[in-house]
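Hi everyone, thanks for coming. Have a look at the sequence and the structure on the screen, and then I'll talk you through a few parts.

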2 protein chains.
Amino acid sequence: MTKKVSVVEKILSANDQLAVENRSRLDEAGVFAINIMASPGAGKTSLIEQTLPRLSEKFRVAVVDGDIATSIDADRASEAGALAAIQINTGGNCHLDAVMLKQALDQLDLKDFDLLLVENVGNLVCPSNFPLGTHKSILVASVPEGDDKPYKYPGMYRGVDALIINKIDLMPYIPFKMDYFRRGVEILNAGLITFPISCTTQEGVDEWINWIIENVEDK
Amino acid sequence: MTKKVSVVEKILSANDQLAVENRSRLDEAGVFAINIMASPGAGKTSLIEQTLPRLSEKFRVAVVDGDIATSIDADRASEAGALAAIQINTGGNCHLDAVMLKQALDQLDLKDFDLLLVENVGNLVCPSNFPLGTHKSILVASVPEGDDKPYKYPGMYRGVDALIINKIDLMPYIPFKMDYFRRGVEILNAGLITFPISCTTQEGVDEWINWIIENVEDK
């Protein structure tokens, strides 16, 4: 005889269960956390370098950097003013997961921080399937990647709370149709808040900073 | 009692076993196949668009395009002169595998072709772990991604037979140290054949085309 068990409530995967625990730890300590995702080279680390000095008088900021290998990104975050920068080497894994973030949180005295920036592994597919327990997920797109990326990587665009369009200083040199790009985004994630910026010229960075400040203060 | 089975010969994974079968089918039909991998937006499709018209008098070329969603790339390959263009939508999967390539090969009358270009899903991590059965694997890097990518995504750089550095026309606008980039590549894959090119200005494309011609003719 085969028995059937009806599952009415959604059962969380091990990852998602741990993400809930990470969120509770962050909330108890009063830390607002942002998961920053992007393609390799879209400018996650450059964005963090632009962000840290502008927030360091207002908030105590920690950074967790996920990479296949090296500590290049955590080193850059430290130099840019992160009070703590933890490098997670995933050892070949193509995304951060909630276990890895838990291990990083274990290294931090969370009550000493107001804001945690998590830089995910560069990948437009896999990270979107692994919630970490952060409060917001953002995607850094970039002009040189091309204007068709929302259409080709819908899962990532669908799941984020804000979108940065980086490297807009390269618009004169690249055939990037902003209207076509934005239409793709709008189909997947209507009304998504979007920040066109350049980490090189610093255009648009202030709007992104204000969004973070509002979020941390409203927490 | 626990029994132990000693495994002396390497056991192929299901994927790798199927890759061997794909290779046999390609060899029997006389088709030379290249697996093209890259980050999203590095320029795989643009490279294929530059490549097809230059080869169409010499070889009969088919293209297999892997994407999470859409048939944008296969449409572009058709327009650029591919005799056949098969779109594989991976349905969220972050890489092509040998099963998917098998399904694409089933759609082609292989003896009608000399060359097969396989455009993998844009991803600098996962595709390197799934051999397809192609004869060569190449990586398309691009200047806007930044010069630290070999250090951060070593698995991909380690496993390829040739490297394209695309978008070199953007060098004046981007802080990309070619020496630093090349040192990273050399550590991972000594003597790797490298083609600096621009799909926009067409600089360097001929050297890449000659490499393909030599490979197909030596087959």
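Let me start with a definition: we call a residue exposed if 12 or fewer other C-beta atoms lie within 10 Å of its own, and buried if there are 20 or more. Keep in mind that this is a predicted model.

So, is Pro53(B) buried or exposed? Pro53(B) has 10 other C-beta atoms within 10 Å, and therefore counts as exposed. You'll find Pro53(B) in helix H2 of chain B, which covers residues 44-55. Setting aside neighbours within four places in sequence, Pro53(B) is in contact with Ala80(B) and Gly81(B). As for Glu79(B), it sits 26 residues from Pro53(B) in sequence, and their C-alpha atoms are 9.9 Å apart.

Now the two chains. Turn chain A by 180 degrees, with a shift of 0.0 Å along the axis, and it lies on chain B with an RMSD of 0.0 Å. That's how a two-fold axis relates things.

Where do they touch? Chain A puts 29 residues into the contact, and chain B puts in 29 residues. On chain A's side, helix H5 (149-152) and helix H6 (154-158) each supply at least two residues, and H5(A) gives the most, with three. By class, that side has 14 nonpolar, nine polar and six charged residues. And 100% of chain A's interface residues are interface residues in chain B too, so the copies meet through the same surface.

Last bit: an unreviewed UniProt entry annotates residues 34-174 of chain A as "domain: CobW/HypB/UreG nucleotide-binding". That stretch, residues 34-174 of chain A, is 27% helix and 25% strand, with its end C-alpha atoms 30 Å apart.

How values were computed: Residues are numbered from 1 along each chain as its sequence is written. Chains are lettered from A and ligands numbered from 1 in the order in which they are written. This is a predicted model: local features need pLDDT of at least 70, side-chain atom pairs count only at pLDDT 80 or more; totals for chains, interfaces and linings use all residues. Copies are superposed by least squares on the C-alpha atoms of residues with pLDDT of at least 70 in both. Two residues are in contact if their C-beta atoms, placed from the backbone, lie within 7 Å. UniProt positions are given in the numbering used here, feature names are shortened, and annotations may be inferred rather than shown by experiment. Helices (H or I, at least four residues) and strands (E, at least two) are DSSP runs, numbered from the N terminus. Ala, Val, Leu, Ile, Met, Phe, Trp, Tyr, Cys and Pro count as nonpolar, Asp, Glu, Lys and Arg as charged, and the others, Gly among them, as polar.
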